[in-house]
Amino acid sequence: MSRTVFVNGDFVPYEEARIPIMDRGFLFADGIYEVAAILDGKLVDNEAHLARLERSLGEIRIANPYSAAEWTGLEEELVARNGIREGLVYMQVTRGVSERDFAFPTDVAPTVVMFTQEKRMRDAPAAETGVAVITVPDLRWQRRDIKSVALLAQVLAKQAAAEAGVAEAWMVEDGHVTEGSSSTAFIITKSGTIVTRPLSHAVLPGITREAVIRLAEEAQLRVEERLFTKAEAVDAAEAFLTSATMLVMPVVTIDGQPVAGGKPGPLVQRLRSLYFDLADGPKGRA
C-alpha cells in the first residue's frame with residue numbers, strides 16, 4: 001500500500017506529491033513546521049503543538065490556513081490512512097509559490113504539506129540505556145523561538161553528533177547550554193532540582209518541555225529555569241532531554257564524560273513514566 005501524504009488540500013500517494021520549484025520554502029526556507037507525537041494511534045500534546053504553530057506563523061506573518069479543529073481533523077485522517085500506531089506527524093506551512101524575490105509576495109496562498117513517520121517511542125531501547133550527547137557551538141540566528149524550516153545549523157549539529165556516534169548535540173553559547181539540535185536540555189542537581197534554560201528568543205519553547213515542567217510541579221518536584229554550563233551538566237546527578245520524537249530521554253554521557261555513573265537515574269525515569277501516564281489519559285491527548 002502506498003504511503004499517503006497531504007499536499008495543499010489533498011491526500012495523495014507519496015509518489016505523486018509535488019511542490020513547484022518557486023515555492024518560497026524551497027528558495028528561502030520561508031516557512032514554519034511542527035511535529036506531534038503519535039502513541040497508540042492518538043496525537044499527543046496536539047493542542048499545544050498547534051498553538052505553537054499558530055504563534056510561529058504569526059511571527060513571520062503567514063496566515064494560518066486552518067483552524068485548530070481543521071488541523072486536528074487532517075492529522076487524524078492522515079494517521080488513519082497510514083495506519084500509524086506509534087511515530088509522528090509532520091506539518092509544514094510555507095509562504096507559497098511566487099517568482100523569486102526576497103520581499104513578501106502578494107495574493108499567494110500558503111503551501112501546506114503533511115506526512116507521517118513510524119518511530120518506536122514507548123519502548124525505545126535508548127530509554128533503558130540512556131543516550132550520549134556532544135556539545136557544539138550554537139551557530140543559529142537570533143529568533144530561535146520561531147519553529148522555522150531554516151535548519152542548516154541544526155543539520156550541521158546533528159551531523160557532528162552522527163559522526164561522533166551519539167544521539168544528539170547540545171549547543172553552547174557564551175559558555176552556557178542553549179538546547180539540543182532538536183530537543184530541550186535538562187539537568188537535575190545533586191539536591192534534586194530540575195533545571196532547564198528559561199524561555200526567550202534564544203530557545204524554542206518545547207511542547208514536551210512544557211508538559212514535563214508541569215508534571216514535575218504537580219509531583220511537587222523542584223524546577224528552576226536558569227542557564228547552566230556544560231561543566232555543571234557533567235557534574236549533575238542526572239541529565240535528560242525532551243522532544244516530540246524522543247519524549248523524555250536520559251542523557252548518560254556528555255562529550256564522552258559520564259553523568260552520574262553513565263546510567264539513567266531514577267528521577268528521569270519517573271518523569272518519563274509520568275509523561276506516558278499523561279499521554280495515556282482519558283482524552284487520548286495530553
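These exercises work through a predicted model of one protein chain.

## Exercise 1: The whole chain

Task: Describe the overall build of the chain, from its helices and strands to its surface.

Solution.
- Step 1. Start with secondary structure. The chain holds 8 helices and 15 strands.
- Step 2. Check compactness. The radius of gyration is 19 Å, and the globule rule gives 19 Å for 286 residues, so the chain is as compact as a globular protein of that length.
- Step 3. Take the dimensions. The C-alpha trace spans about 55 × 40 × 35 Å along its principal axes.
- Step 4. Look at burial. Of the 286 residues, 49% count as buried.
- Step 5. Look at contacts across the sequence. Take those between residues at least 6 apart in sequence; 72% of them join residues at least 24 apart.
- Step 6. Finish with the surface. The chain exposes about 13400 Å². Carbon and sulfur atoms supply 53% of that area.

## Exercise 2: The open sheet

Task: Work out the strand order of the open sheet of 6 strands, and say why one side of β2 and of β4 lacks a neighbour.

Solution.
- Step 1. Recall how sheets form. Strands pair through backbone hydrogen bonds, either parallel or antiparallel.
- Step 2. Read the order. It is β2-β1-β6-β5-β3-β4, and the pairing is antiparallel.
- Step 3. Find the edges. β2 (10-13) and β4 (42-44) each have a single partner strand, so one side of each is left without a neighbour in the sheet.
- Step 4. Add the twist. From one strand to the next, it averages 30°.
- Step 5. Inspect one pair. β5 (residues 86-94) and β6 (residues 111-118) run antiparallel and are joined by 8 bridges. Within this pair, Val-89 stands opposite Thr-116 of β6.
- Step 6. Place a helix. α2 (residues 46-59) lies across β3 (31-39), β4 and β5. Its direction makes an angle of about 175° with β3.

## Exercise 3: Strand β10

Task: Decide how well β10 is covered, and find its partner strands.

Solution.
- Step 1. Count the buried residues. In β10 (residues 184-188), 5 of 5 are buried.
- Step 2. Sort them by face. Thr-184, Phe-186 and Ile-188 lie on one side. Ala-185 and Ile-187 lie on the other, and both faces are covered.
- Step 3. Take one partner. β13 (residues 238-243) pairs with β10 over 5 bridges, in the antiparallel sense. Here Thr-184 has Thr-242 as its bridge partner.
- Step 4. Take another partner. β11 (residues 194-196) pairs with β10 over 3 bridges, again antiparallel. Here Phe-186 has Thr-196 as its bridge partner.
- Step 5. Trace the link. β10 and β11 form a hairpin with 5 residues between them. Gly-192 sits in the turn, with a positive phi of about 90°.

## Exercise 4: Asn-82

Task: Is Asn-82 buried or exposed, and which residues does Asn-82 contact beyond its neighbours in sequence?

Solution.
- Step 1. Locate the residue. Asn-82 belongs to helix α3 (residues 68-82).
- Step 2. Apply the cut-off. Buried means under 20% relative accessible area. Asn-82 has 15% relative accessibility, so it counts as buried.
- Step 3. List the contacts. Leaving aside neighbours within four places in sequence, Asn-82 touches Arg-3, Thr-4 and Thr-116.
- Step 4. Find the polar atoms. A polar atom of the Asn-82 side chain lies 2.9 Å from the backbone nitrogen of Thr-4. The side chains of Asn-82 and Thr-116 make a polar contact at 3.4 Å.
- Step 5. Set a distance against sequence. Val-136 is 54 residues from Asn-82 in sequence, and the two are 37 Å apart in space, C-alpha to C-alpha.

Note on methods: Residues are numbered from 1 along each chain as its sequence is written. This is a predicted model: local features need pLDDT of at least 70, side-chain atom pairs count only at pLDDT 80 or more; totals for chains, interfaces and linings use all residues. Side-chain values use heavy atoms; hydrogens and water are left out. Two strands pair if DSSP finds at least two bridges between them. Helices (H or I, at least four residues) and strands (E, at least two) are DSSP runs, numbered from the N terminus. Axes are lines fitted to C-alpha atoms, for helices over the stretch in contact, and angles run from 0 to 180 degrees between N-to-C directions. Contact means heavy atoms within 4.5 Å. Buried means under 20% relative accessible area, exposed over 50%, partly exposed in between (1.4 Å probe, protein chains only). The radius of gyration is taken over C-alpha atoms; the globule rule is 2.2 Å times the number of residues to the power 0.38. Accessible areas come from the Shrake-Rupley method with a 1.4 Å probe; for residues, only the protein chains shown count as cover. A polar contact is a pair of N or O atoms within 3.5 Å; within protein, one must be able to donate a hydrogen and the other to accept it, and residues adjacent in sequence count only if both atoms are side-chain atoms.
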